[in-house]
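Biologist: Could you take a close look at one part of this protein with me? I'm new to reading structures, so plain words please.

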Amino acid sequence: MKILVTGGAGFIGSNFILYWLSRYTNDKIVNLDKLTYAGNLENLQSVESNKNYVFIKEDICNSKAVKSIIKDYQIDTVVHFAAETHVDRSIDDPTPFIKTNVEGTYVLLDAALKNNVHRFHHISTDEVFGSLELGTEEKFNESSNYSPRSPYSASKAASDHLVRAFGITYGLPITISNCSNNYGPYQFPEKLIPLTVTNLLEGKKVPVYGDGLYVRDWLYVEDHCRAVDLILNKGRIGETYFIGGLTEDINNIEIVKKILKIMDMGEDKIKYVKDRPGHDRRYAIDWSKINKELGWKPEHDFEEYLKLTVDWYKRNKNWWKKIKND
Ligand SMILES: NC(=O)c1ccc[n+]([C@@H]2O[C@H](COP(=O)([O-])OP(=O)(O)OC[C@H]3O[C@@H](n4cnc5c(N)ncnc54)[C@H](O)[C@@H]3O)[C@@H](O)[C@H]2O)c1
């Protein structure tokens with residue numbers, strides 16, 4: 001395959017590139033990334049000199065550049081990670097979210113269509129389906145209604161709709177995956193798990209929104225990469241696949257307490273802060289479709305890999321110290 005990965009210098013995109021190049025040694029990857037605050041080429045140092053890997057600093061909204069990259073590199077597959085991703089930032093200023101997540105996705109779809117790519121895989125989130133009630137058994141699945149409640153999730157929902165529309169209207173061979181919260185190495189330290197670990201390592205308190213009773217589903221990032229691998233290789237064109245990790249609910253305060261325990265620190269380190277407006281209470285994912293059709297299931301145990309993730313941030317202080325307090 002000749003794959004265009006967008007947003008490959010970010011958290012999941014860089015993990016995906018490392019995953020792919022180590023397994024598919026004949027495939028070529030072009031990584032197109034604007035290098036916003038969230039993009040970091042240090043994540044990819046180990047593949048910099050790989051002859052099957054090229055990095056291009058570019059904005060996905062630049063239609064002319066995107067078209068010529070797809071053409072010049074004879075791209076057959078697009079895996080679209082690039083996005084503005086932090087809900088809090090989307091509340092402060094939705095503008096870049098609309099620009100990158102909606103307009104940028106349209107630019108890529110148009111360029112992919114005009115260059116007859118064989119597959120456009122869109123990476124999306126469970127957040128587009130809104131919020132579930134606490135204490136219920138309800139889960140999101142592929143037939144759930146869209147109900148985004150933050151500018152971030154609304155912009156991702158819009159991008160999902162555009163991708164599906166290009167599949168139906170123009171016959172672009174698309175697939176979509178909606179995944180729950182990822183954790184692992186190279187995650188920007190503004191997201192819950194790396195923020196908690198790095199604050200504790202800096203001797204700071206850990207901010208927890210509202211009552212902390214917000215439930216998210218968590219998945220180790222390599223499990224996400226393997227799901228995308230299966231979708232690219234065996235997934236059905238036009239289909240959406242849900243990807244999730246946990247079978248039981250864990251709320252944010254429990255996550256923070258688990259990290260405190262791993263790091264041998266007390267609950268006095270928790271600082272409750274004013275809640276985020278429109279904060280979704282609970283997400284949960286039914287991943288039975290991808291399990292039945294493609295044989296995927298999460299393979300990394302949450303407790304074990306949370307511990308390994310904490311260790312990674314402990315061992316890689318240089319990585320996060322440079323980017324944390326910009
Ligand atoms: N992190 C999660 O838990 C999670 C869960 C489900 C889905 N997703 C989705 O996965 C994708 C990747 O998420 P992430 O956490 O790795 O994000 P991230 O914020 O770590 O990285 C985003 C990357 O996109 C790049 N980018 C942003 N705007 C760009 C533009 N206009 N042109 C080119 N590049 C641009 C950034 O430089 C960065 O490298 C996103 O689409 C996100 O919605 C994330």
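Biologist: Is asparagine 50 buried, partly exposed or exposed?

Modeller: Keep in mind that this is a predicted model. Let's find the residue before judging it: asparagine 50 sits in the loop that links β2 (28–33) to β3 (53–57). Now count the neighbours. There are 15 other C-beta atoms within 10 Å of asparagine 50. Being buried takes 20 or more, and being exposed takes 12 or fewer, so asparagine 50 comes out as partly exposed. To place this residue against another part of the chain, try leucine 246: the two are 196 residues apart in sequence, and their C-alpha atoms are 35 Å apart in space.

For a look at the buried side of things, turn to the largest nonpolar core, which has 81 residues. Phe16 and Ala112 are the members that touch the most other members. Leaving out residues up to four places away in sequence, alanine 112 touches Ile70, Val78, Val117, Phe120 and Leu172. In soluble globular proteins, nonpolar side chains tend to be buried together.

While you have the structure open, check out a pair of helices too. The axes of α6 (residues 192–201) and α10 (residues 302–315) come within 10 Å and cross at roughly 50 degrees, so the two helices are oblique to each other. The crossing is right-handed. On the α6 side, the contact is made by Ile193, Pro194, Val197, Thr198 and Leu201, while α10 brings Thr309, Val310, Tyr313 and Lys314. Sorted by class, that contact has 6 nonpolar, 2 polar and 1 charged residues.

Terms used: Residues are numbered from 1 along each chain as its sequence is written. This is a predicted model: local features need pLDDT of at least 70, side-chain atom pairs count only at pLDDT 80 or more; totals for chains, interfaces and linings use all residues. Axes are lines fitted to C-alpha atoms, for helices over the stretch in contact, and angles run from 0 to 180 degrees between N-to-C directions. Helices (H or I, at least four residues) and strands (E, at least two) are DSSP runs, numbered from the N terminus. Angles under 35 degrees count as roughly parallel, over 145 as roughly antiparallel, 65 to 115 as roughly perpendicular and the rest as oblique. A crossing is left-handed if the near helix is turned anticlockwise from the far one by less than a right angle, and right-handed if clockwise. Two residues are in contact if their C-beta atoms, placed from the backbone, lie within 7 Å. Ala, Val, Leu, Ile, Met, Phe, Trp, Tyr, Cys and Pro count as nonpolar, Asp, Glu, Lys and Arg as charged, and the others, Gly among them, as polar. A nonpolar core is a set of buried Ala, Val, Leu, Ile, Met, Phe, Trp, Tyr and Cys residues joined through C-beta atoms within 7 Å.
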